[in-house]
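Welcome, and please open the model in your viewer. We will go from stop to stop, with something to select at each one.

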Amino acid sequence: MRILAMMLRRSVARLSPLLSNGALRLNPIPPLPSSLSSHSTSFCSSSSRILSPTNDHAQSSADSSPSVAISIDRSGLCNPPEHAHEPSSDSELVKHLKSIIKFRGGPISVAEYMEEVLTNPKSGFYINRDVFGTSGDFITSPEVSQMFGEMIGVWVMCLWEQMGQPPTVNLVELGPGRGTLMSDLLRGSSQFKNFTKSLHIHLVECSPVLQKIQYEKLKCTDESIDEESGTKSAVSAVTGTPVAWHASLDQVPSGSPMIIIAHEFFDALPIYQFQKGARGWSEKMVDVSEDSKFRFVLSPGPSPALLYLARRCQWAPREEVAKLEQIEVCPSAMDLTQKIAKRIDSDGGAALIIDYGKDGLLSDSLQAIRKHKFVHILDDPGSADLSAYVDFASIRHSAQEISENVSVHGPITQSQLLGSLGINFRVENLLQNCTEEQAENLRTGYWRLVGDGEAPFWEGPDEQIPIGMGTRYLAMAIVNKKQGVPVAFQ
Ligand code: SAH
């Protein structure tokens, strides 16, 4: 413990030229680079999925109370549909979903619906456009402030020190969005040449449009495509670091220690939903009604997905299961966690997972957001983001089940994580050298990253009041035991 504390002090001390006044002098990038100034427009309180507590779905997940949204059985035993949504003319994705349901001869799981809506290779929500920022559908922490990526960079550098400064590290980001986190991480650590020289960046991204934005954000050049694997590679001019793009973690080469960052990635993984009834648990599914509208139904009998429910519930105390009327399970998150844990076991390294979620069973948290507003989950699929709270307990159990050589730490709150990594010092330093407008943005961004609830200092319009996500967002680390306890999790 003391050694780690010393290590952190040493790392922060080494970083202090960067994260203090001196840093701004030495840093070749202006003190408030584009990632901050481009976010300088106000962030209205309804503009992010982090601001979901007023939403019905989020509410019910938090208090685990049963939702009233579903009650339909194909056999006609239950009530008529409460929700039936469809745009006037069907989009490509809507036609595709309807044809799957038609040819399958019955409803599809919520997980299949979610996966198609988000990542269908032709018309999934993420595939063809930039969904982030004030002009997009929602805003994420790296887009709120440059300090987020910088602080994650401090965590990664400390870990690299704990790992004994290996000469080669695969730094993997799952779902990098616009590439803002990685760009701020690289810029913030660019003076630590031994560290940046060791990096090989691997971006796991399904969207060609976002891959292109990441390429530009990281100031990449020298693009090449490996003919055999199809892997796209380039070099980031920020630090001269090689960058490669992959469709999944499986494609990231093994053999070197790995540090994985997953920010708001797990919440996009498809979930199954189950509802308790007189005859036990049924699966909630998506069907098309006779008037051609999407609707939720309950499987009349046991469905194969009940196996996932059983897998998840083996880790939950009976009382926790007994008090829930609905349960969400994310087998993709469990499988991905096991892949991550196996890689960390064999190659060394760690993963940092940050997302909104809960350290226990989830009830009904799936939500849809379009243009910064909550909409119904079945409303014009493909035009709104779908995401669900992350079940951190299932991540912990999945990792522990697959490997004895990894340890799992947290979840801690985002506020605790960023606080331990020195965000207070960083904001103070940035505030000493900026315009009044930039200072306003820094204070707002800081509050949104670490605050809890509405910002007390806000004097602007009510609808733009910054809402803190410091306690609703949680961070968990999966670490090779050889690396000890990671910084911020002691
Ligand atoms: N981490 C970023 C973006 C979060 S949104 C941020 O915080 O700003 C989710 C990201 O994961 C997007 O980049 C999306 O295209 C990507 N994504 C979602 N599902 C994916 C999948 N199954 N495989 C690869 N990338 C995926």
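**Stop one: a strand with two partners**

Select β8 and strand β9 (residues 280-288): the two run antiparallel and are joined by 5 bridges. Helices (H or I, at least four residues) and strands (E, at least two) are DSSP runs, numbered from the N terminus, and two strands pair if DSSP finds at least two bridges between them. Before going further, note that this is a predicted model, in which local features need pLDDT of at least 70, side-chain atom pairs count only at pLDDT 80 or more, and totals for chains, interfaces and linings use all residues. Residues are numbered from 1 along each chain as its sequence is written, and side-chain values use heavy atoms, with hydrogens and water left out.

Now show lysine 276, which stands opposite tryptophan 281 in β9. The link from β8 to β9 is a hairpin through 2 residues.

Next add strand β11 (residues 326-329), which is antiparallel to strand β8 (residues 272-277) and joined to it by 4 bridges. Pick tyrosine 272 here, and you will find its bridge partner, valine 329, in β11.

Then move to serine 292, in the loop between β9 and β10 (294-298). Its phi is near 70 degrees, a positive value in a residue other than glycine. Serine 292 counts as partly exposed because its relative accessibility is 30%; the cut-offs are under 20% relative accessible area for buried and over 50% for exposed, with partly exposed in between (1.4 Å probe, protein chains only).

**Stop two: two crossing helices**

Select helix α8 (residues 146-162) and helix α9 (residues 180-189). At what angle do the axes of α8 and α9 cross? The crossing is at roughly 65 degrees, and the axes come within 7 Å. Here axes are lines fitted to C-alpha atoms, for helices over the stretch in contact, and angles run from 0 to 180 degrees between N-to-C directions.

The crossing of α8 and α9 is right-handed, meaning that the near helix is turned clockwise from the far one by less than a right angle; anticlockwise would be left-handed.

Show side chains where the helices meet: among them are Phe148, Ile152 and Val156 in α8, and Leu181 and Leu185 in α9. Contact means heavy atoms within 4.5 Å. The residues of this contact comprise 6 nonpolar, 4 polar and 3 charged.

From α8, step into the loop between α8 and β2 (169-174) and pick glutamine 165. Glutamine 165 has a positive phi, near 50 degrees, although the residue is not glycine. At 36% relative accessibility, glutamine 165 is partly exposed.

**Stop three: a sheet of three strands**

Bring up the open sheet of 3 strands in the order β14-β13-β15, paired antiparallel. At its edges are β14 (373-375) and β15 (385-387); each has a single partner strand, so one side of each is left without a neighbour in the sheet. On average, neighbouring strands of this sheet are turned by 40 degrees against each other, direction ignored.

Zoom in on strand β13 (residues 367-370), which pairs with β14 over 3 bridges. Isoleucine 369 has phenylalanine 374 in β14 as its bridge partner.

**Stop four: two last picks**

Select proline 411 in strand β17 (residues 406-413). The peptide bond leading to proline 411 from glycine 410 is cis, with omega near 10 degrees.

Finish at isoleucine 467 in strand β19 (residues 467-469). Is isoleucine 467 buried or exposed? Isoleucine 467 is buried, at a relative accessible area of 16%. Its C-alpha atom is separated by 4.6 Å from that of glutamate 454, 13 residues apart along the chain.

Note on methods:
Nonpolar A, V, L, I, M, F, W, Y, C, P; charged D, E, K, R; others polar.
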